[in-house]
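Colleague: Before I start poking at this fold, could you walk me through it? I would like to see how the pieces fit together.

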Amino acid sequence: MRVLALSRAEEIYYLDTSALVKRYVEEAGSEVVDSIYECAYKGVKTLSFSYWNIAEAVVVFDKYARKLGLDAGRVVRDMLGEFMTLSRLHRLVVVSVSPSILRSSIELVLKHHIYVADALQIASAKKVNSSIVVTGDKELASIAEAEGLKTLYVGIQSQKETDTLYDVG
């Protein structure tokens, strides 16, 4: 996997962990994330996320395995395999958790009073000059916008969607 300087004209979609998980577990917003991946495979977009997201996604898959019987090992292998493919296609930029990213994250924590994991997403998206931050977290989307980033919210939009998703009412 690579970290490199890209031309400013290249469209980079930064995926937070909630968006990344939607690629491998069917939930609200998965179809949007799938279409973003398809654009990456076609060479139209570049995907980006942090190494932190990979580890955090594995934690989510492990929880789904314990609660819902998901085969977490298979999902992780599929995810890593797809990352390798996208990297070979030069359609993936993985951001390291570097001292400069941590400094920027700490500044964001103190400015916005957020979790360091969320701050790390914003700092990483800025590092790669992300065109758009894709997230299922409304608070993260709001803070990313306050920091001058464009966002695409892929979470549950309303109570009606929540009810439909979980077959309530």
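Modeller: Happy to! One term first: a residue counts as buried under 20% relative accessible area, as exposed over 50%, and as partly exposed in between. Please keep in mind that this is a predicted model.

Colleague: Noted. What pattern does the protein follow, read along the sequence?

Modeller: Let's begin with the inventory, which comes to eight helices and five strands. Put in sequence order, these elements give β-α-α-β-α-α-β-α-α-β-α-β-α.

Colleague: Which residues of strand β1 point the other way from Ile12 and Tyr14?

Modeller: β1 spans residues 12–15, and Ile12 and Tyr14 share one direction. Both directions lead to buried positions, as every one of these residues is buried. Pointing the other way are Tyr13 and Leu15.

Colleague: And which residue in β4 stands opposite Leu15?

Modeller: β1 has partners to consider. With β2 (residues 46–50) the pairing is parallel over three bridges, and there Tyr13 stands opposite Leu47. With β4 (residues 132–135) the pairing is again parallel over three bridges, and the residue opposite Leu15 is Val134.

Colleague: Now to the interior. Where does the largest share of the core come from, the six residues?

Modeller: The largest nonpolar core has 27 residues, with Tyr37, Leu47, Phe61, Phe83 and Val134 making the most contacts inside it. At least two residues each come from β1, α1 (17–24), α2 (30–41), β2, α3 (51–68), α4 (72–88), β3 (92–95) and β4. The largest share, six residues, is from α4.

Colleague: How many residues are in the second, separate core?

Modeller: Ile114, Ile122, Val133 and Leu149 are among its members. The count for this second core is 18 residues.

Colleague: Back to Phe61: which residues does Phe61 touch, not counting residues up to four places away in sequence?

Modeller: Phe61 is one of the residues with the most contacts inside the largest core. In soluble globular proteins, nonpolar side chains tend to be buried together. Leaving out residues up to four places away, Phe61 touches Val21, Tyr24, Val25, Leu70, Ala72, Val75, Val76 and Met79.

Colleague: What accessible area do Tyr51, Trp52, Val97 and Leu102 have together?

Modeller: These four form a nonpolar patch on the surface. Tyr51 belongs to helix α3, and with a relative accessible area of 33% Tyr51 is partly exposed. Together, the accessible area of the patch is about 330 Å².

Colleague: On to charges. How far apart are the closest N and O atoms of Lys45 and Glu11?

Modeller: The search of the whole structure finds eight salt bridges, and Lys45 with Glu11 is one of them. The pair links distant parts of the chain, 34 residues apart: the loop between α2 and β2 holds Lys45, and the segment before β1 holds Glu11. Lys45 is buried at 11% relative accessibility, whereas Glu11 is partly exposed at 32%. Their closest N and O atoms are separated by 3.5 Å.

Colleague: Are Lys22 and Glu27, which meet in a salt bridge, buried or exposed?

Modeller: Their side chains meet with an N to O distance of 3.2 Å. As for accessibility, both Lys22 and Glu27 are buried.

Colleague: What is the relative accessibility of Lys126?

Modeller: Lys126 forms a salt bridge with Glu147, with the closest N and O atoms 2.5 Å apart. Glu147 sits in the loop between α7 (138–146) and β5 (151–153) and Lys126 in helix α6 (residues 116–127), so the pair ties together parts 21 residues apart in sequence. Glu147 is buried at 15%. Lys126 falls between the 20% and 50% limits, so Lys126 is partly exposed, at 34%.

Colleague: Which residues are joined into one network by salt bridges that share partners?

Modeller: Side chains of opposite charge can pair when their charged atoms come close. Here, shared partners connect Arg23, Asp34 and Glu82.

Colleague: Last one, on backbone geometry: what is the positive phi of Asn129?

Modeller: His113, in the loop between α5 (99–112) and α6, has a positive phi of about 60 degrees without being a glycine. His113 is exposed, at 69% relative accessible area. Asn129 is in the loop between α6 and β4 and partly exposed at 44%. Asn129 is not a glycine either, and its positive phi is about 50 degrees.

Key
Residues are numbered from 1 along each chain as its sequence is written. This is a predicted model: local features need pLDDT of at least 70, side-chain atom pairs count only at pLDDT 80 or more; totals for chains, interfaces and linings use all residues. Side-chain values use heavy atoms; hydrogens and water are left out. Buried means under 20% relative accessible area, exposed over 50%, partly exposed in between (1.4 Å probe, protein chains only). Helices (H or I, at least four residues) and strands (E, at least two) are DSSP runs, numbered from the N terminus. Two strands pair if DSSP finds at least two bridges between them. A nonpolar core is a set of buried Ala, Val, Leu, Ile, Met, Phe, Trp, Tyr and Cys residues joined through side-chain atoms within 4.5 Å. Contact means heavy atoms within 4.5 Å. Patches are made of residues with over 30% relative accessible area and no salt bridge: like charges are joined within 9 Å, nonpolar side chains (Val, Leu, Ile, Met, Phe, Trp, Tyr) within 5 Å. Accessible areas come from the Shrake-Rupley method with a 1.4 Å probe; for residues, only the protein chains shown count as cover.
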